[in-house]
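Colleague: I have the model open and would like a close look at one part of it. Start with a pair of packed helices, then follow the side chains outward from there.

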Amino acid sequence: MSPASALPVYLNAIGTAVPPHDIHRAFIGWARTRLDQRAAKLFDRMTARSGIDHRWSILPMGADGASPVDPGGFYADPVLPGTGDRMKLYANAAPGLALTAIEALRAQTALGEITHLVVASCTGFVAPGIDQIIARRLGLAPSVERLLIGFMGCYAAVAALRTARHLVRSEPEARVLVVCVELSTLHLQDTSEIESLLAMLQFGDGAAAALVTAQPSGFALGQPFATTLAASHDLIRWDITDRGFAMHLSGEVPARIAQALADPAFATAATGGRAPAAIDGWAVHAGGRSILDAVEHGLALAPGALAGSRAVLAADGNMSSATLMFVLARLLAGPPIADGVALAFGPGLAAEGFAFASAT
């Protein structure tokens with residue numbers, strides 16, 4: 001057997017899940033009521049160009065398909081629910097959505113005896129943690145080692161899969177279940193600031209589950225990499241308030257990413273040293289159309305290189321940490337990849353990723 005430090009590690013399969021309630025159009029209608037005529041016209045233009053067709057929420061439909069902002073809905077009252085009420089919903093709904101994704105994973109591959117559970121989530125908190133809730137509902141052995149990765153935002157999937165890779169390289173018999181679950185729609189904010197409304201326009205709920213082992217199937221996980229854009233720490237952030245978590249996503253982010261990627265040093269760090277022209281598989285976090293455009297233009301990628309990311313954005317929006325897993329799931333279902341790069345951006349402004357290739 002090869003030394004553990006050189007042991008190949010594989011992402012064997014991915015299962016994904018979204019809730020049944022599409023809230024994208026309802027949010028657009030709600031947001032427009034908070035804008036004056038001039039701002040509403042700009043909002044309409046940005047909505048039409050967003051590349052998003054659907055976003056899904058765990059918030060229940062009201063009578064006759066009413067949305068959460070309609071009478072009787074979670075957000076119907078003039079004063080929106082407090083953080084405590086939102087966290088109660090998170091504690092109830094996040095584990096269930098995660099388990100749905102795990103069942104989708106189980107339909108693709110035998111899970112066997114799970115030895116480690118790594119869970120990433122930044123849209124809620126509960127103790128005991130959702131890692132413990134998931135483990136209990138799955139009937140995992142008490143000896144299963146658990147890790148909860150919280151509040152890293154959109155690149156947390158990279159951290160979770162990177163951790164799984166390290167675990168398998170140190171324990172070749174390990175079978176690591178990786179889960180990303182995010183309930184972004186729990187954090188609607190009552191605001192008339194167009195930048196904040198455009199940020200909320202991006203986000204939906206979703207969960208993904210993956211099995212990572214030393215068994216050669218799916219994608220081989222290569223070297224991880226990370227870098228940070230200088231003087232950018234305020235461009236993406238979550239502020240915890242008495243009315244949920246307020247997302248701040250600066251309109252400067254796409255331009256700053258494109259500018260940074262035009263710098264060969266940053267581009268090299270952001271792709272793990274790979275030449276963009278040599279990459280035949282791109283799994284880029286679908287953070288928004290303008291962010292995908294910035295990556296495509298900044299790295300001079302061929303048209304269609306980010307088709308998987310754009311398809312996820314259209315179908316599900318930005319689901320924070322779960323989004324990259326959805327993109328990888330699409331690529332797993334496609335043609336073999338000889339040299340792939342997974343890349344995500346998040347608070348910091350940080351770029352994190354890893355190399356991957358189809359198992360041979």
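Modeller: Helix 3 and helix 4 cross in a right-handed sense. This is a predicted model, so read every value here as computed from it. Helix 3 covers residues 83-106 and helix 4 covers residues 130-138. Their axes come within 10 Å. The crossing angle is roughly 50°. That angle is over 35 degrees and under 65, so helix 3 counts as oblique to helix 4.

Now the contact itself. Helix 3 brings Y90, A91, A94, P95, G96, A98, L99, I102 and R106. Helix 4 answers with I130, I133, I134, R137 and L138. Sorted by class, the contact of helix 3 with helix 4 holds 11 nonpolar residues, 1 polar residue and 2 charged ones.

Stay on R106. This helix 3 residue takes part in the contact with helix 4, and it also forms a salt bridge with E103. The closest N and O atoms of that pair are 3.3 Å apart. Both residues sit in helix 3, 3 residues apart, which is about one turn of the helix. Neither side chain is buried, because a buried residue has a relative accessible area under 20%: E103 is partly exposed at 41%, and R106 is partly exposed at 38%.

The model has 9 salt bridges by the rule used. Two others make a useful contrast in setting.

Take E352 and R162. Their closest N and O atoms are 2.8 Å apart. This pair links distant parts of the chain. E352 belongs to strand 13 (residues 350-358), R162 belongs to helix 5 (residues 156-170), and 190 residues separate them. E352 is buried, with a relative accessible area of 10%. R162 is partly exposed, at 22%.

Next, E296 and R310. Here the closest N and O atoms are 3.3 Å apart. E296 lies in helix 9 (residues 289-298) and R310 in helix 10 (residues 307-316). The pair therefore ties together parts that are 14 residues apart in sequence. E296 is buried, at 15% relative accessible area, while R310 is partly exposed, at 28%. This bridge is part of a network: through shared partners, salt bridges join R289, D293, E296 and R310.

For a second helix pair, go to helix 1 (residues 24-32) and helix 2 (residues 37-48). Their axes also come within 10 Å, and they cross at roughly 160°. Helix 1 and helix 2 are therefore roughly antiparallel. This crossing is right-handed. F27, I28, A31 and R32 of helix 1 meet A40, F43, D44 and T47 of helix 2. By class, that contact has 5 nonpolar, 1 polar and 2 charged residues.

One last stop is a loop residue. S184 is found between strand 6 (176-183) and helix 6 (194-201). Is S184 buried or exposed? S184 is buried, with a relative accessible area of 7%. Leaving aside residues up to four places away in sequence, S184 touches T123, F203, G204, D205 and S320. S320 is 136 residues from S184 along the chain, yet their C-alpha atoms are separated by 7.6 Å.

How values were computed:
Residues numbered from 1 in each chain as written. Predicted model: local features only at pLDDT ≥ 70, side-chain atom pairs only at ≥ 80, totals over all residues. Heavy atoms only, no water. Axes fitted to C-alpha atoms, helices over the stretch in contact; angles between N-to-C directions. Helix = DSSP H or I, 4+ residues; strand = E, 2+ residues; numbered from the N terminus. Parallel < 35°, antiparallel > 145°, perpendicular 65-115°, else oblique. Left-handed = near helix turned anticlockwise from the far one by under 90°. Contact = heavy atoms within 4.5 Å. Nonpolar A, V, L, I, M, F, W, Y, C, P; charged D, E, K, R; others polar. Salt bridge = Lys/Arg side-chain N within 4 Å of Asp/Glu carboxyl O. Buried < 20%, exposed > 50% of the residue type's maximum accessible area, 1.4 Å probe, protein only.
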